[in-house]
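Student: Could you take me on a close look at one part of this protein, the charged pairs and the elements that carry them? I'd like one connected walk-through.

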Amino acid sequence: MIITLLCLNSTHADDDDDDTATNRKVQQTNGQTVIKLTEKTQQLSGLATTVLQAAQHYAEFLSYGKAISVQPLVTLHHRYLATLTERNRAAAKFKQAEQSIERQQDLYQHGVTAKRNLQDQQAQWQTDKALLDATQYQDQALLDEALLNWGATLSAWALTARAEKLNPFLSGQQTLLQVTVPSHHSPAENLHSIAVAASGDRNQAQTAELIASSPQTDSTNQGISYFFQTSGKAIKTGMSVSAWLPEQGQQHTGVIIPTSAVCWANGQAYVYLKTADDTFSRRAISHYTPTAQGYFLSDTLKPGDTLVTTGAQMLLSEELRGQIPDEDND
C-alpha cells in the first residue's frame, strides 16, 4: 500500500503546485474531512467502487460438527456394483430358462419330448426365478441400509453405476461434514449455505453447502443433523468444526460489504464512500457481522451508497498525510 501511495504522490511530481493541489487535496467540508481526487488520479491509483444493494441477513447461532469419511459410501457403492452384476447375471439366466421352458412345452405338445424333460425344465425355471428374486431382495436390503444411515440424497449418490457425485470427495476437492443443530435452535427455512471453521474463528470461516438432512444424529449432541460439503482445504476428514447457521425468524435488512472495503486505524474499522465524482469521505463502522460474502451492516451504510472496494487503505493514508502541517507554513 505504501508503494501505491508513493505512486500517487509522484504521479505529477513535475507539475506545478496548483496542479498538485487540484489532483489531490484534503479538505474540510461542513466539519467533515473529505478527499478530492481527479478522475485521472483515481484511475492511476487503482480505486474501485460499487453501489451497495439491499441485502437480507439472518442472525447466526453456533453449532458443532465434524468432517466425516466417505469410505462407508464408497463401500456401499462397491456392494451395489456387486449386486448389480449378480442381478444382471440372474436376469440373463432366468431369461434363458424362460426361453427353454417355452421350447420344451412346444416339443411336449407335439409329442417330440418326454414329460420328464418338461418337468426338469420347469424346475430349472423355478430355481432361476428364485435366484433373480433373491438378488432383488439384496438390492432392497442395500437400499434400506443406505437410507437408514445416509438418507435419500447421499444414498442416491452411492447407489448408481458410476457414482460421479462421490468423485470430488475421493479426489479431495470436497469434504463431507455432519453438523448437529442444538434442539433449542431452528435454522432458516431457506438454508443453503453456512460458515464453518476448524479453528473456531468466525473470521477464518469458509462456506459449506447444504446437501440434505441426516436420518441420524451425533450421539454426543441432541438435535437434528445435516450433511454439508465444503471445498475449503483447511478442513480434513476427522476434524471437528464450528458452524454458524442462520437463525429462523431473526432476519435483518441492510447491506453486505466486501472485506477489501474495510481499513483500520487505532483499532477502529472504517470505509470510504464516494460522495461525488471527485470526493471521498471516511465513515466509521462498529456493528457489523462477518458473512461468507464479507460483512453485513444494518446501520451506518444504506443501499445506494457508493462504496470504495479497492483503495480504502490508500485513501486513509492520504487523508492522514494531508492532516500533517506543512513545515513551510510554520
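Tutor: Let's start with Arg 321, which is partly exposed, with a relative accessible area of 37%. This is a predicted model, so please read each value as computed from predicted coordinates. The side chain of Arg 321 meets that of Glu 318 in a salt bridge, with 3.3 Å from N to O. Both residues sit in helix H7, three residues apart, so about one helical turn separates them. As a reminder, an α-helix has 3.6 residues a turn, so residues three or four places apart point the same way. The two partners differ in how much surface they show: Glu 318 has 2% relative accessibility and therefore counts as buried, whereas Arg 321 is partly exposed.

The next residue to look at is Glu 319, which also lies in helix H7. Glu 319 forms a salt bridge with Arg 282, and their closest N and O atoms are 2.7 Å apart. Because Glu 319 belongs to helix H7 (residues 312-322) and Arg 282 to strand S12, this pair ties together parts that are 37 residues apart in sequence. Glu 319 counts as buried because its relative accessibility is 2%, under the 20% cut-off. Arg 282, at 22%, counts as partly exposed.

Now follow Arg 282 into its strand. S12 (residues 279-285) pairs with S11 in the antiparallel sense, over seven bridges. Within that pairing, Ser 281 in S12 stands opposite Leu 273. The link between S11 and S12 is a hairpin, with two residues between the strands.

On its other pairing, S11 (residues 268-276) runs antiparallel to S10 (residues 263-265), and three bridges join them. One residue pair to find on screen is Cys 263 with Tyr 270, its bridge partner in S11. S10 and S11 also form a hairpin with two residues between them, and Asn 266 in that turn has a positive phi of about 55°.

Let's move to another charged pair. Glu 60 forms a salt bridge with Arg 202, where the closest N and O atoms are 3.0 Å apart. Glu 60 lies in strand S4, while Arg 202 lies in the loop between strand S6 (193-197) and strand S7 (206-213), so this pair ties together parts that are 142 residues apart in sequence. Here the acid, Glu 60, counts as partly exposed at 30% relative accessibility, and the base, Arg 202, counts as buried at 13%. In general terms, side chains of opposite charge can pair when their charged atoms come close. The structure holds eleven salt bridges, and the pairs described here are among them.

Strand S4, the home of Glu 60, is worth tracing too. S4 (residues 55-68) pairs with S9 (residues 240-257) in the antiparallel sense over eleven bridges. Leu 62 has Trp 244 as its bridge partner in S9. S4 also pairs with S5 (residues 175-182), again in the antiparallel sense, over five bridges. There, the bridge partner of Lys 66 is Gln 178 in S5.

Gln 178 gives a good view of the surroundings of S5. At 18% relative accessibility, Gln 178 counts as buried. Leaving aside residues up to four places away in sequence, the residues that Gln 178 touches include Gly 65, Lys 66 and Ile 68. Its contacts also include Ser 214, Gln 216, Thr 217 and Asp 218, as well as Ser 225, Tyr 226 and Phe 227.

Finally, let's place these parts in the whole. The protein has seven helices and 15 strands. Its radius of gyration is 34 Å, well over the 20 Å that the globule rule gives for 330 residues, so the protein is more spread out than a compact globule. The C-alpha atoms fill a box of roughly 125 × 45 × 30 Å along the principal axes. Of the 330 residues, 38% count as buried. Among contacts with a separation of 6 or more, 73% come from residues 24 or more positions apart.

One more helix deserves a look, H5 (residues 115-158). H5 has 44 residues, yet its end C-alpha atoms are only 48 Å apart, short of the 64 Å that a straight helix would reach at 1.5 Å a residue. A kink of about 120° is found in H5, centred on Gly 151.

Conventions:
Residues are numbered from 1 along each chain as its sequence is written. This is a predicted model: local features need pLDDT of at least 70, side-chain atom pairs count only at pLDDT 80 or more; totals for chains, interfaces and linings use all residues. Side-chain values use heavy atoms; hydrogens and water are left out. Helices (H or I, at least four residues) and strands (E, at least two) are DSSP runs, numbered from the N terminus. The expected span of a helix is 1.5 Å times one less than its number of residues. The bend at a residue is the angle between axes fitted to the seven residues ending there and the seven starting there. Two strands pair if DSSP finds at least two bridges between them. Buried means under 20% relative accessible area, exposed over 50%, partly exposed in between (1.4 Å probe, protein chains only). Contact means heavy atoms within 4.5 Å. A salt bridge is a side-chain nitrogen of Lys or Arg within 4 Å of a carboxyl oxygen of Asp or Glu. The radius of gyration is taken over C-alpha atoms; the globule rule is 2.2 Å times the number of residues to the power 0.38.
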